[in-house]
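Grab a pencil and work through these exercises with the model open beside you. Try each task yourself before you read its solution.

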Amino acid sequence: MAENVGFNPNEATFDEGLERIQRVIGELSLDTRRIVTSRDPKVLQARKPLETKAVPSGFLKWQLPVHLDGPSLAFVTIAEPNAVAPEHSHEEGDGIRIITSGSINYNGQELSDGD
């Protein structure tokens, strides 16, 4: 563990991280008003410029090229295999959903582990 001496997870402020995300989104012309997945070519391009070195030895960490502009809520959703939800939208605002296992089909697009 000695190699992690001096590890400081606070190398950048929240505002600096947000500025970095906004800069990279602009540089890549990434449309974050649609579903953004981990396999999108522009998201893959964003990984290196959004990487942070403020991690312990043996870890990799990067910011996702998305952010919410206001208060947000987080949920965990578990569905049975082949469960179907009717088409709907969340009018109250944007959200972030990360699929950790399985898959979901939305608007003709399959989203799976890591999306």
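**Exercise 1.** Which helix do the buried residues of α1 pack against?

*Solution.* Keep in mind that you're looking at a predicted model.
- Start by finding the buried residues of α1: they are G17, I21, V24, I25 and L28.
- Next, look at how they sit around the helix. Seen down the axis of α1, the buried residues fall within an arc of 100°, so they line one face of the helix.
- Here's the general idea behind that: an α-helix has 3.6 residues a turn, so residues three or four places apart point the same way.
- Now follow that buried side outwards, and you'll meet α2, residues 41-47, which the buried residues of α1 pack against.
- Finally, turn to the face pointing away from the buried side, where you'll find the exposed residues D15, E19 and E27.

**Exercise 2.** Check whether the length of α1 fits what you'd expect of a helix with its number of residues.

*Solution.*
- Helix α1 covers residues 14-28, which is 15 residues.
- The rule is 1.5 Å times one less than the number of residues.
- That gives an expected span of 21 Å, and the end C-alpha atoms of α1 are 21 Å apart, so the two agree.
- Step just past the end of α1 and you reach S29, with a positive phi of about 50°.

**Exercise 3.** Work out which residues make up the largest nonpolar core, and which element gives the most to it.

*Solution.*
- The core has eight residues in all: I21, V24, I25, L28, L30, V43, A46 and L50.
- Both α1 and α2 supply at least two residues each.
- α1 gives the most, with four residues.
- This fits a general pattern: in soluble globular proteins, nonpolar side chains tend to be buried together.
- Zoom in on one core member, V24, which is in helix α1. Its relative accessible area is 1%, so V24 is buried.
- Leaving out residues up to four places away in sequence, V24 touches A46, P49 and L50.
- Do the same for L30, again leaving out residues up to four places away, and you get I25, K42, V43 and P65.

**Exercise 4.** Decide if D40 is buried or exposed.

*Solution.*
- First locate D40: it's in the loop between α1 and α2.
- Then take its relative accessibility, 11%, and compare it with the cut-off for buried, which is under 20%. D40 therefore counts as buried.
- Not counting residues up to four places away in sequence, D40 touches R34 and I35.

**Exercise 5.** Compare where N82 and N107 sit, and find the sign of phi for each.

*Solution.*
- N82 lies in the loop between α2 and β1, residues 103-106. Its phi is near 65°, a positive value in a residue other than glycine.
- N107 is in the loop between β1 and β2, residues 109-112. Its phi is positive too, at about 55°, although N107 is not a glycine.
- Now for accessibility: N82 has a relative accessible area of 77%, so N82 is exposed. For N107 the value is 74%, so N107 is exposed as well.

**Exercise 6.** Which residue lies over the face of W62, and at what distance from the ring centre?

*Solution.*
- Look above the ring of W62 and you'll spot R47.
- R47 is 3.7 Å from the ring centre.
- If you go on to look for aromatic pairs, the count comes to zero.

Definitions and conventions:
Residues numbered from 1 in each chain as written. Predicted model: local features only at pLDDT ≥ 70, side-chain atom pairs only at ≥ 80, totals over all residues. Heavy atoms only, no water. Buried < 20%, exposed > 50% of the residue type's maximum accessible area, 1.4 Å probe, protein only. Arc of directions from axis to C-beta. Contact = heavy atoms within 4.5 Å. Phe/Tyr/Trp six-rings, centres within 6.5 Å; stacked < 30°, edge-to-face > 60°. Lys NZ or Arg CZ within 6 Å of the ring centre and 35° of its normal. Core = buried A, V, L, I, M, F, W, Y, C linked by side-chain atoms within 4.5 Å.
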